[in-house]
Every structure is written in C-alpha cells, then in structure tokens.
Amino acid sequence: MNAPSGVGRVSARAGWHPAVAGSLGGPCSLGPPGVPHQHRGVTGADSQTQRGARGRRDWSTWPHYDAAAAGFRGYWYPVAWSNQVTGKPTGVTLCGDKIALVRDQGTAYALHDRCPHRGVPLSLGRREFPGTLSCPYHGWTYDLTDGELVAAITDGPQSPICGKARVATYPVAERLGMVWVYVPIAGEDPHPIDEQLPEELAENPFVMGGRMDDRAGNWRFACENGYDEGHAKYLHRTSLWRLFKAMPTWNVTRIVPEGRWIYRKQEEQFWEADFPGLGRWSNKRWWKLDPPAAKAGSRPSNIGNTGAAAKVDPVIAAQNFPGFASVSMPGVLRIAYPKFIHYEFYVPVDADRHLYVGVMVNFLRGPATLKFYAKYLGWIRWLFHGQFSGQDAWMVDVTDAPPEQLYRPDVSLTSWRGLAEKEFKAKLAAIRKEDG
Ligand code: FES
Ligand SMILES: [Fe+2]
C-alpha cells in the first residue's frame, strides 16, 4: 500500500493523532558528513574483500542476509498509518506475504489475504458481522482474531464447512501512529514490539512528522544506503537541504557496537582535500556556512553531522550515543541531530520493492511543539523527507550488487551485514530451542 505522510503527537507508548497528511519524500540517512570509516581493524569479511582484487562476487559471507531478499521474518514492520486502516479492508504485501488489514471496534487485524475456497483476496471483502471479515465471492466469513471459518453465507447457517477452514492471522500492534505487523518464521509468538523500537521512543514523550513511500528496489539496498558512510558527502552535495551547510569531503570512520545497535563514529573530518595530480576538491562554497567543527578545528561531535552543536536537546544528550548514525535489526536507521532525531524503517515488500518509512521526532512538550510542526510542514518534509531522500530513492532503485568492489567507507555496509547475520542467527537458534 502506498502511504502518505503524517504529523502528530505521540505519547510514550501508544498512538498518535495524525493531524496532517500529505505525500512527500522521505529522507535518508541523512547522513552526512561525517561518518567515517575504519582504517584498521577491518572485519574478516573486509579482509576477504580486499584480498580479492576484483572484489566480492556474492554475499556468501552473510548467508542469512543473502537469503533475506524478501526480508527477515521474525520481526515487526510498520505497514500503514493507523488512520489508513479502517473498517474497509485494505491489502498490503510484507516479506512477500499478501496481508489483508482491517479495523473492527477500534482494533486493527491482519489476515492472510487469500480465501482458502478459491483464492480470492479477502482485502476485497467486507465486514458482515462484528469481529469477522467475509470474502467477496461466496461469503465465507472468518473470525478476525484466529482466522477460523465461522460462516459460509451461501451455504446456510448449518454449513458443514464451518470450522474446517481457516486463514492465517498475523500479530498486530500500533506504535508511532502506524500499524505494525509481525511476520513469523515458524508460527512462533512475537517478541514485544517495544524491544524492537529505538529505546528513547519507548521511554519519552515526543512529537513526530513522517512519511511512508512505496519505492522500487530491494530493502537491503535501502538500508545499506541509509547507513552508508560514503555517499552523502557526494550524492547529497547538491540537495536543497544542504544548500547553506557545507559537508566534509571525506571522513575517518569507526564502527562502534553498543547493545543491539552499531554506530558510525566520525573520528576525523576533512573539509577539503588535494588529490595528487588532479587538484583540490571541496564541498565548501562561499554561500555555505562553515560548520563549527571546521572553524574550530575541533573533533567532530557525536550529534549531527557537521561538527559541534551549540545546544543539544536534553533527551537526546542523555542517550550518550557513541556516534551520530546507528542501525539495528531489522533495518532501523537512527540519525541523531542536536534538536531532533530522524529514523528510517526499511520495510521489505518483496524482493523488488520496499516501503520507505521516514520519521522525524522532537522531544519538545507544550507550546514549543508548534514550532516543530511549523518547521516540519514548512520545510523539513519538502527538503529533507522530499528532495534529499529522493536522491537516495534514485540510487536504491539503480543499485545492482553483488558483484561489488568495496572501499574503506564501506565498513559501514559490511558491519551492518555482519550485525544482521549475527542477530538473525541468534534469533533462529532461540526459536529452535523453544521448539525443541
Ligand atoms: S473464494 Fe472466497 S468464498 Fe469463495
Ligand atoms: Fe542519503
């Protein structure tokens, strides 16, 4: 489903109230500037890449990641804004599964979008009785909670088929003003969704604006682009979002693991560089502000991408992020700025498409929130979640790898793949143990 954007206030755990919706572009990792890469201490995967002069022919180093073209099952994914899931069913595709979404008496439900009778999509049906959904063809009627066939309308009340058919149901939760669906691996119970959300969102009240965008390209290319160290300084140099702010030419980056996240830490930033025999290259322009770090020659900050920030929001400062860009499973990007945090969720539709979900969060309260809404609607959604992110969507669509020949900044990519591989392996082992 193609979803629009929204803006709203969110309490710590539950729903928000979308105040505005509209379509626009989403952001990317904004990444910027700064995030460096590692000079030493490269992973085994990297050494392997570097040994082969012609690069990497496949992703066999990360077999689970390689196999996850249609997404990692065993996680929660946002699939629609809450206000888009109504009493009229709608269909989405998630990890290749066709899913019908419908709301009944305030609760959102998700069912496999295929009637077992003749394979017609249930998302084309309607609610004939409370707590049920009926197929549009012959009126087979399913209980929304467990998918049991409770009536076959065109075979009368005593139809013997009742109780002998059912459709699969999916666990559903609502967070950040969105409907989230858990895609099981083997019929297991889901982990609590809050264990998968960025910790600071489960613990603090905030306001947010966001956008959902159905995009071409594999979800892994989108996630890799979001966490990619190298591209922002070059691809986004022309974006309007960065019109008045210079970005470095290159960085020295280190990847710092912490908890279930890995962080890109900018160790050094180089605002200009001399390329022997070629000349000088710089992202600086006379009309762009010199970032504070460039002026002071100080070490880059872990908040924001262009150096030291004068004032950092106390909630953001309290997180003590080791680096300004971080990523966690199953494809959640967090970019911490001095006054807000930007998140991206890369939702696998199937092997060829993904749902881009960009969310800008501000931890203000009271009248100050009005300023956030004004900023979000005034320019953030157009410049950042719009044109800037559109540059990423363009690259994700045309990326074609493997094969690939990686360079130093791509430690961001290999580290993310390593994290995904490790976490998913642990998840599989835990599920097998439960079964066993
Ligand atoms: S196909 Fe669904 S009721 Fe016949
Ligand atoms: Fe980007």
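Begin by selecting strand β21, residues 353–362, which is mostly covered, since nine of its 10 residues are buried (a residue is buried if 20 or more other C-beta atoms, placed from the backbone, lie within 10 Å of its own, exposed if 12 or fewer, and partly exposed in between). Strands here are DSSP runs of E with at least two residues and helices are runs of H or I with at least four, both numbered from the N terminus. The model is predicted, so that local features need pLDDT of at least 70 and side-chain atom pairs count only at pLDDT 80 or more, while totals for chains, interfaces and linings use all residues. Residues are numbered from 1 along each chain as its sequence is written, with chains lettered from A and ligands numbered from 1 in the order in which they are written.

Keep β21 selected and add its partners, bearing in mind that two strands pair if DSSP finds at least two bridges between them. Strand β13 (residues 206–216) pairs with β21 in the antiparallel sense over 10 bridges, and alanine 216 has arginine 353 of β21 as its bridge partner. Strand β20 (residues 341–348) is also antiparallel to β21, with eight bridges between them, and here valine 347 is matched with leucine 355 in β21. β20 and β21 form a hairpin, with four residues between the two strands.

Next, select lysine 265, which is found in strand β15, residues 261–270. Lysine 265 counts as buried because it has 23 C-beta neighbours inside 10 Å. Add asparagine 251 and compare the C-alpha positions: the two residues are 14 residues apart in sequence and 9.7 Å apart in space.

Move then to the open sheet of four strands, whose order is β4-β5-β6-β10 with antiparallel pairing. Its edge strands are β4 (90–94) and β10 (169–170), each of which pairs on one side only. Strand β6 (residues 107–112) runs antiparallel to β10 and is joined to it by two bridges, and alanine 110 stands opposite tyrosine 170 in β10.

Finish with two helices, α4 (residues 219–227) and α9 (residues 411–435), which pack at an angle of about 125° with their axes 9 Å apart (axes are lines fitted to C-alpha atoms, for helices over the stretch in contact, and angles run from 0 to 180 degrees between N-to-C directions). That angle makes α4 oblique to α9, given that angles under 35 degrees count as roughly parallel, over 145 as roughly antiparallel, 65 to 115 as roughly perpendicular and the rest as oblique. To see the contact, display Cys223, Glu224 and Tyr227 in α4, which meet Ser412, Leu413 and Trp416 in α9 (contact requires C-beta atoms, placed from the backbone, to lie within 7 Å).

Notes
Two residues are in contact if their C-beta atoms, placed from the backbone, lie within 7 Å.
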